[in-house]
Structure formats: structure tokens, C-alpha cells
Amino acid sequence: MDWMEQLQPIMPAEMRGTVVQTVGITVAAAGFPAPVGAVAEIERQGSAPLRAEVVGFKNDLTLLFPYGDRLGVRRGNLVRLARTVRWLRVGPGLLGRVVNAEGLAVDGKPQPLLTDRVYYDAAPPHPCSRPRIDEPLPTGVRVIDGLLTCGKGQRLGIFSAAGVGKSVLLGMLAKYTAADVNVIALIGERGREVNDFLERDLGPQGLAKSVVVVATSNEPAVLRVQAAMAAAAVAEYFRDQGKDVLLLMDSLTRFALAQREIGLAAGEPPTTKGYTPSVFALLPRLVERAGRSSAGAITGFYTVLVEGDDPNEPVADAVRGLLDGHIWLSRKLAGKGHFPAVDVTASLSRLMPDIVSREHNQAALRLRELLAAYRDHEDLISIGAYHRGSNLLVDAAMNLRQETDQFLRQDMSEHAEFSRTLAGLRNLVEHIAGTSPTASPSPESQGQGKALARSGPPAANNMANNTRLSGR
């Protein structure tokens, strides 16, 4: 951001008002026509000034949402404009650091020296200027790289209920990804979980190339929303430096809840499940900031908490239509000790067919078909009511159940290289094609088996060639 951009939105005169009342959790000021998004300071007797953000207007009053406790605020307190627009200090010194929503380090180390500035609410790249997504981004997680391959600049949602392993999966993505920089936003997390994530899930290896933005659940809603915007702004900064950036946001649901709190306080009418219209207006503005540009790429993984395991609750339903794919974590799989608990049959990467080889895509489809067949007959198999020979695909799924589980499971300390993932997927498909049926197969099944058997060695050669050519 150059100095002309910084000067244009600044108001040239000092602006002051006075507190006249409190409305819910907001403070109303008279004689203070500051713009929405401006930052003000409310003076308090015997205490430091209270910072607040302008969130709306009502009649002749300006509504401010405080950044902290309103203790000590009284009628007649002076309100002073501190900043017309919100900007954030950024720079390479952020790598390896943990910062709050205002960009200040909270990891106990000295504040980093940051020379550049960016806006919190930057506009996303113009749609006509976005290059096509045509290259995979290896994540180091086998089930994602093999069956839900993600492209550089793609946006994927991780949908799950609480306690199904999404934080562990995010830590694996941050540690093992091929991206140059990670930007991790922990929005509305419990304070205890922040250090757990940093030390257990992320570790020194992942933190070294990461910027972690934290706003815990006890912080005001404006700071939780601002933390998500700060993470997007930091990711944009590194993208504009020509880096491949991985943006991990946990969670988009808590971001929506914080915006709902702000909207209700500002007088917006509630809609479905109490969510205000501004929530559904702000969600696309946030996620559209990820993607490819002419300089670099931001690949986004956004977690979504599914209340009561309901996939059609308002936030999950809205987000699913905004993203380029979804990964569902299953409580049933997690209960069996199957981690990552990814339900492959309910998950989808919309760009996978465009960014992988034909052989890789066909192998993934064949394995998904096997998993779906086993899922559809799992109840019959578990009670012994299924008779082998009734369905050749189910027979193959039962014969290869152990091998399939070994491929889909991965310990959090294991890094799955992309080339090994492709080789493992190819071997599984070869086993499927070579599984001996217990009954005579139908002509259609014979044709599928021969085609898959013929495609085995070429698939290996093509996937290996693609891996070498793309530098993976």
C-alpha cells in the first residue's frame, strides 16, 4: 500500500462526540458522524480509553461495538476518532509468530518489525484476472491427495461436528503441505486449545513457516470477525510476494456467529436460526479473497461446525455453495479410531478432474465406487446376512477392506508423499481389478475389470511422469 492510498480515506479534522446511552452490548454516541468501520476511543475515568468500532447508526446516534469490557463507561464520556479505516502492519517478520486480530504479537516475544501495510477489507481479485487452477497442491494427507486432490488456489470446506479431529487434520495440512507459507486463523477457539494446537498439532516444523492469527471465544465479536479478515489480508500480502499460500481458518461457523452478534446489536432483523442478512453477505466476501492471481495463489481450507450433525443447517448450506469442494468428517469413523475421519463417499473436490491425470481420476473413482458399495451393504455384512457372490463389487470391497483402511488411515506424525500416495492408489485399483470373483461376473463387470487391468501399468507411468514434470 503506497502513501497516497493511505492518505485518501483519512479524515483531515479531529472528530469528537459524547456517550449518551448503552444499547445492549453497544455504546451510542451523539455528535459523532464517523464512518462505519472506523475505530474510536471512549475515554473512561480512572481507566485506559476503551477502543470501539463503528458498526451502524440509529437516528442521530452512532453505534459503537467495544473491543473490551464496558466497565467504567458512563453518560457524557468523550468519544474520539482514532482511525478512519482499519489497516494492518505486515511483513516477512510475521513468519513463525502468533498475533491477535490487530496484528500484535501475543506469543511473548518482541514485536516484529513490519514495514508494509494492508487493508483488512481488501477487494478480492477481479474474476476475469484470475488464472485457471490447473496444478495440484500436495497436502501430505493421503486421503486428500489421492481421492480429493486440491489445486493451488482452490477453496475447500472441512465440515464436522465438534470433537471429530478437525484440529489434528489442520495441523497435518500445515506441517506437510507443499505451500510456501501457512496462514492459520483460530477464530472463537477455547483459550486452552490454542497452545494445544501450536505445540501438539502444528509443532515447531509447521510454525516455522506459519502465521497464526488468534481470537479466542472470550474476545468481543468485532475482534473475532477482524481476526478472520486479518488472516485473509496477511495471506494476500504473501500471495502478492509470489508465494503459494495455504490459508487455514477454524472456524467459519464461529466467524458467522460473531457477525450475527454484531448484526443483532446494530439492529438487523434476524432470519433463519437468528442469523442476520449481513452474515450471508460477509461470507462470500471473505472466501472470495482466496484463489489464484497473476502473482501467486491462496489455497483455502475452511472448517465448518455442523450443529447436531445436520448438513443442512444455514451456515453449512451457504458455505457449501461458495466453495470448490467439501470434506466431511464422520463421527462414526472417529468412533472407530479411523483418522483422519474423512467420509470419502460424502466428500468432493470439484476441481480434481481438471488438475490430475486421467488415470489418477479413474483410479480414485474406482476406489470411491468400492467404498460406496461396502457402505450400502455394511448393515447386512455386520449381521452376517450378506452372501458372497451376490454382488461382485461388494465381494471385492470385503476382500480388500484391510488394504483400503490402511490407505485411508494416517497417523498424525506420518507425512504421505504425493508420489507414494499415487503408487498406493494404483496398487489398490490393480488389486480390485485382479480380485477373483466367487461367481461368474456379468459381461459389464468383465469389461470394467479388463479396462482397469489394462490401465494399471500405463497409469503408473503417466502418474509418475506427471509427478516429475510438475515438480511434485
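This passage describes the overall make-up of a predicted model, then its nonpolar cores and one loop residue.

The chain contains 17 helices and 17 strands. Of its 472 residues, 52% are buried. Contacts that reach far along the sequence are well represented: when pairs at least 6 apart in sequence are considered, 72% of the contacts join residues at least 24 apart. The surface exposed by the chain comes to about 20,800 Å², and carbon and sulfur atoms account for 51% of that area.

Turning to the interior, the largest nonpolar core comprises 63 residues, and L147, L173, V212, F301, I327 and L367 have the most contacts inside it. Helix α11, spanning residues 358-376, is the greatest contributor to this core, supplying seven residues. Another core lies apart from it and holds 62 residues, including F65, L94, V118 and A290. Back in the largest core, L147 offers a helpful place to look around. Beyond its neighbours within four places in sequence, L147 is in contact with R142, V344, M352, A364, L367, R368, L408 and L425. One of these partners, L367, is likewise listed among the core residues with the most contacts.

A loop residue, N100, is also worth a visit. N100 sits between β8 (97-99) and β9 (116-119). Is this loop residue buried or exposed? N100 counts as buried because its relative accessible area is 17%, under the 20% cut-off. The side chain of N100 reaches the backbone nitrogen of L104 at 2.9 Å. With neighbours within four places in sequence set aside, the contacts of N100 are with V106, V213 and V214.

Note on methods: Residues numbered from 1 in each chain as written. Predicted model: local features only at pLDDT ≥ 70, side-chain atom pairs only at ≥ 80, totals over all residues. Heavy atoms only, no water. Helix = DSSP H or I, 4+ residues; strand = E, 2+ residues; numbered from the N terminus. Buried < 20%, exposed > 50% of the residue type's maximum accessible area, 1.4 Å probe, protein only. Contact = heavy atoms within 4.5 Å. Areas by Shrake-Rupley, 256 points an atom, 1.4 Å probe, with all protein chains shown as cover. Polar contact = N/O pair within 3.5 Å; in protein donor to acceptor, adjacent residues only side chain to side chain. Core = buried A, V, L, I, M, F, W, Y, C linked by side-chain atoms within 4.5 Å.
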